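This report is meant for a reader meeting the structure for the first time. Please look over the sequence and the 3D view before going on.

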Amino acid sequence: MDMKKYIYILVAVLVSSMMLTGCKDYLDSENKSAGGQTAEQFFNGDATSLGVYAYSLMKPIVSRTNVYQYGTDLYVPSRGKTSPFHDYTLTPETSDIKSFYSDLYACINMANACIHYDADRTQYTPEMRFVRSYCYYILTQQFGRVPYVTGYINSAERNYPKDELSVIYAGIIDDLKAAIADDKMGAAYAYDGHATKDACYALLAKVCLAAGWDLGTTYNDVAKGTYSINDTQYFTEALNYAKLAGADETLTEPFADKWHAAKADDGAEVLFAVQYDRAGYPGVTQDGGHGLQNTYGHYYGSPSLGQKYVNSEMCITTKSAKLWDKGDLRYEATFMTTYYNANNADNWGSDGYYAYYNSPDTATQGIRWKYFPYYVSDAEIRAWLTAHQAQMVKGTWDNQPNAYKVCDAANSNIITYKVADDGTISVEMTQSYEDALEGSNALNKFPCVRKWDDATSGFVDGTNTSNDYRDIILLHKSDIVLVAAEAAYMLGQAGQAEGYLNNVRNRAGLAATTISAYSAKYTVSGAFEDEFHKGIDFILDERARELYAENERWMDLRRTKQLVRYNIEFNGKIGALLDMSSDGANAKLYRPIPQAEINANDALTTADQNLGY
């Protein structure tokens, strides 16, 4: 079954025939739109439509970049934009938190409904165990202790107390083990949207890693990110499950192919992805996708001039700009460093930004902007511009070309090079990093992420951000290799951890190194850098390079107990622990439980609110 197309058909049937209006009303036991039948009679033991709909409910969960990325070391809003996630000014009334929490439970309840009505115990029963487990994994990472409900809610009862993390983690692990043991569960991913045993092993590795940190370690100092390891059972399980998910395999798929717009959805390393399909979408296609390609970067002008719209929400920080070493193949595969020029919207897609993917001859295509990383010298930049002079002239194109050095190695300035039509190269402007982000000339000074580019987007008049139909990959091999590295490190097996780290680095074209020899190129204070953190900082840096823009960073920092330490060091809005606390003492290590959920749940009171709010 091709879920990319099937999902739209079944969702339409469900919505029209059952009038789904809210989480508690999905399947009323006396559903009148089903001709007076009970739900059991309506589905007749086949809950396929419910399973497909549950998969579709993952979409609003996995595409929320503000929840997963802000308030970390890697991303910063620009051009005057702010975010309560970045500033740590979230409250229990923040709308994005309320909808995120309710979306997670809506997906869980639909998975529970599918299991409840799947009398024939089809493939959807084990698959829904995976979906339910993924949602609870996200809930534990974002909200901590929450109500753990595995039965379908089809009544007005609202008495669900928060469960201990130990109970929730044990439940998730048992659910995934049951899914793996079910002979109806597929073994390996077939790029059709269905969860498989391999996906369950990968999720088990991530869940056990998180459980190891949450249940087996304790803080010594929250602001300094120091901790003690008290129990390693879950770290052992995380390593074992990572191996079952393929962590010991050598990574051979080129990183550029892994994320190329034309190849990534069917890549060799994908273990599970949420599905999108432009051809099968029954409505206005510009409204049926997601907006990940429009999120990570500066602002590049009107799409009518051939450029990709990016909303300035998540620019790179100075740390991000200096995170990649010279020779790291992941830099060019993560960021778009060459923007082609355009004539007008009539040639949109073959001119302009997407010409990178669609132009028949990029060797002669005019270039609008060229971005160079911090380690490229002035002489190298000038040599490149001279060699590409024929492309770096305005000519018949709409825009005068410029080039930028993204973060000067000496002082983190942004340097703008102008190329005149006669080939003369001059330094037009040198700006501080802050001015380039926020000043009057805060435009197109930084490259955008291209990992999520959809080369078939087509021209959209305006700033629509739901026109990306790339599948959202949630689980893949190199992530699991790094999970294995982290688990091994926490087990005291530094050499094994280095082996996993170097598997990832070797694929990126970098030489093998050790934890003791690793040295980052970005600048840190003396208070930040110490021997205690050397290993975990190396692992977090490698995860940042490998998983940049993949909606993992906030959870990575929270899990490893580095959230406050990293924000104090790298987030310009945070200077001390006090800035991450509403009560002056307890850090916001989780998101707030929405007040509306506390009010609606008879088993919760204000005492159940997470610390710091």
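## A pair of strands

Valine 270 stands opposite histidine 476, a residue of strand E11. The two strands concerned are E4 (residues 270–274) and E11 (residues 472–476), which run antiparallel and are joined by 4 bridges. Strand E4 is mostly covered, with 5 of its 5 residues buried.

## Confidence in the model

The model is predicted. Over the protein chain the pLDDT averages 90, and 91% of the residues score at least 70.

One stretch reads otherwise: over residues 12–37 the pLDDT stays under 50. For that stretch the model has 46 contacts beyond four places in sequence.

## Nonpolar cores

The largest nonpolar core holds 170 residues, and among these Phe130 and Phe272 touch the most other members. Helix H7 (residues 95–117) gives the most to this core, contributing 13 residues.

Which residues does phenylalanine 130 contact, leaving aside its neighbours within four places in sequence? They are Leu176, Met185, Ala195, Ala199, Cys200, Leu203, Phe272 and Leu475. A second core, separate from the largest one, has 13 residues, including Phe372, Leu385, Met392 and Tyr417.

## Salt bridges between distant parts of the chain

Side chains of opposite charge can pair when their charged atoms come close. In this model the count comes to 35 salt bridges. One of them joins aspartate 73 to arginine 553, with the closest N and O atoms 2.9 Å apart. Aspartate 73 sits in the loop between helix H5 (65–69) and strand E1 (75–76), while arginine 553 belongs to helix H21 (residues 553–559). The pair links distant parts of the chain, 480 residues apart. Aspartate 73 and arginine 553 are both buried.

Lysine 206 forms a salt bridge with aspartate 479, and here the closest N and O atoms are 2.7 Å apart. Lysine 206 is in helix H10 (residues 197–216) and aspartate 479 is in helix H18 (residues 477–490), so this pair ties together parts that lie 273 residues apart in sequence. Are the two partners buried or exposed? The cut-off for buried is under 20% relative accessible area. Lysine 206 has 5% relative accessibility and therefore counts as buried. Aspartate 479, at 1% relative accessibility, counts as buried too.

## A salt bridge inside one helix, and a network

Helix H21 also holds a salt bridge of its own, between residues 3 places apart, about one turn of the helix: aspartate 556 and arginine 559. The N to O distance in this bridge is 3.0 Å. Both aspartate 556 and arginine 559 are buried.

Elsewhere, salt bridges link several residues into a network: Lys258, Glu269, Asp328, Arg330, Arg505, Arg507, Glu542, Arg545 and Glu546.

## Helix H20

Helix H20 (residues 534–546) has 13 residues, which at 1.5 Å a residue should span 18 Å. The end C-alpha atoms of H20 are 18 Å apart, so the span agrees with the expected one.

How many of the residues of H20 are buried? The helix is mostly covered, with 12 of its 13 residues buried. Among them are Gly535, Ile536, Phe538, Ile539 and Leu540. The charged residues Asp537, Asp541, Glu542, Arg543, Arg545 and Glu546 are buried as well. Of these, Glu542, Arg545 and Glu546 take part in the salt-bridge network.

Note on methods. Residues numbered from 1 in each chain as written. Predicted model: local features only at pLDDT ≥ 70, side-chain atom pairs only at ≥ 80, totals over all residues. Heavy atoms only, no water. Core = buried A, V, L, I, M, F, W, Y, C linked by side-chain atoms within 4.5 Å. Buried < 20%, exposed > 50% of the residue type's maximum accessible area, 1.4 Å probe, protein only. Contact = heavy atoms within 4.5 Å. Salt bridge = Lys/Arg side-chain N within 4 Å of Asp/Glu carboxyl O. Pairing = 2+ DSSP bridges. pLDDT = per-residue confidence, 0-100. Expected span 1.5 Å × (residues − 1).
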